[in-house]
Amino acid sequence: HGDTSHHSSKTGLTINHINGVKTDSVAQLYVALENTKPGDEAEVVYYRGSKKLTAKVQLSDRAKAGIAN
């Protein structure tokens, strides 16, 4: 079972936490976002290579963004 939803080997980017919830799997990613809605802000802790970074992002509506389930 690989972590394909929150890790990009092409960019060296790995999402570690969303809103304080550890995201080691797709299931945990959904848990981290389950109480959010489009327009909410989320704090994302991620690594680019070995550098730990934090960003605040505004969530979008998947359907409006053209992203399939």
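## Getting started

Take the contacts in this chain (heavy atoms within 4.5 Å) that have a separation of 6 or more: residues 24 or more positions apart account for 29% of them. What you're looking at is a predicted model, where local features need pLDDT of at least 70 and side-chain atom pairs count only at pLDDT 80 or more, while totals for chains, interfaces and linings use all residues. Residues are numbered from 1 along each chain as its sequence is written, and side-chain values use heavy atoms, with hydrogens and water left out.

## The overall layout

The chain has one helix and five strands (DSSP runs numbered from the N terminus: helices are H or I with at least four residues, strands are E with at least two). Start at the N terminus and the order reads β-β-β-α-β-β.

How do the strands pair up? Pairing here takes at least two DSSP bridges between two strands. Strand β2 (residues 13–18) runs antiparallel to β4, with five bridges joining them. β2 also pairs with strand β3 (residues 21–22), again in the antiparallel sense, over two bridges. His17 has a partner in each: Val45 stands opposite in β4, and Lys22 is the bridge partner in β3. β2 and β3 make a hairpin with two residues between them, and Asn19 in the turn has a positive phi of about 50°.

## Inside and outside

Of the 69 residues, 16% count as buried (under 20% relative accessible area, with exposed being over 50% and partly exposed in between, using a 1.4 Å probe and protein chains only). The largest nonpolar core is made of Ile18, Leu29, Ala32, Ala42, Val44, Tyr46 and Leu59; a core like this is a set of buried Ala, Val, Leu, Ile, Met, Phe, Trp, Tyr and Cys residues joined through side-chain atoms within 4.5 Å. β4 (41–48) and α1 (26–33) each give two or more residues to this core, and β4 has the largest share, with three.

Leu59 has contacts beyond its neighbours within four places in sequence, among them Leu33, Pro38 and Ala42.

## Salt bridges

There are three salt bridges, each a side-chain nitrogen of Lys or Arg within 4 Å of a carboxyl oxygen of Asp or Glu. Asp24 meets Lys22 at 3.8 Å, N to O; Asp24 is partly exposed at 42% relative accessibility, and Lys22 is partly exposed at 36%. Asp40 meets Lys37 at 3.2 Å.

The third joins Glu43 and Lys56, with their closest N and O atoms 3.8 Å apart. Glu43 lies in β4 and Lys56 in strand β5 (residues 51–58), so this pair ties together parts that are 13 residues apart in sequence.
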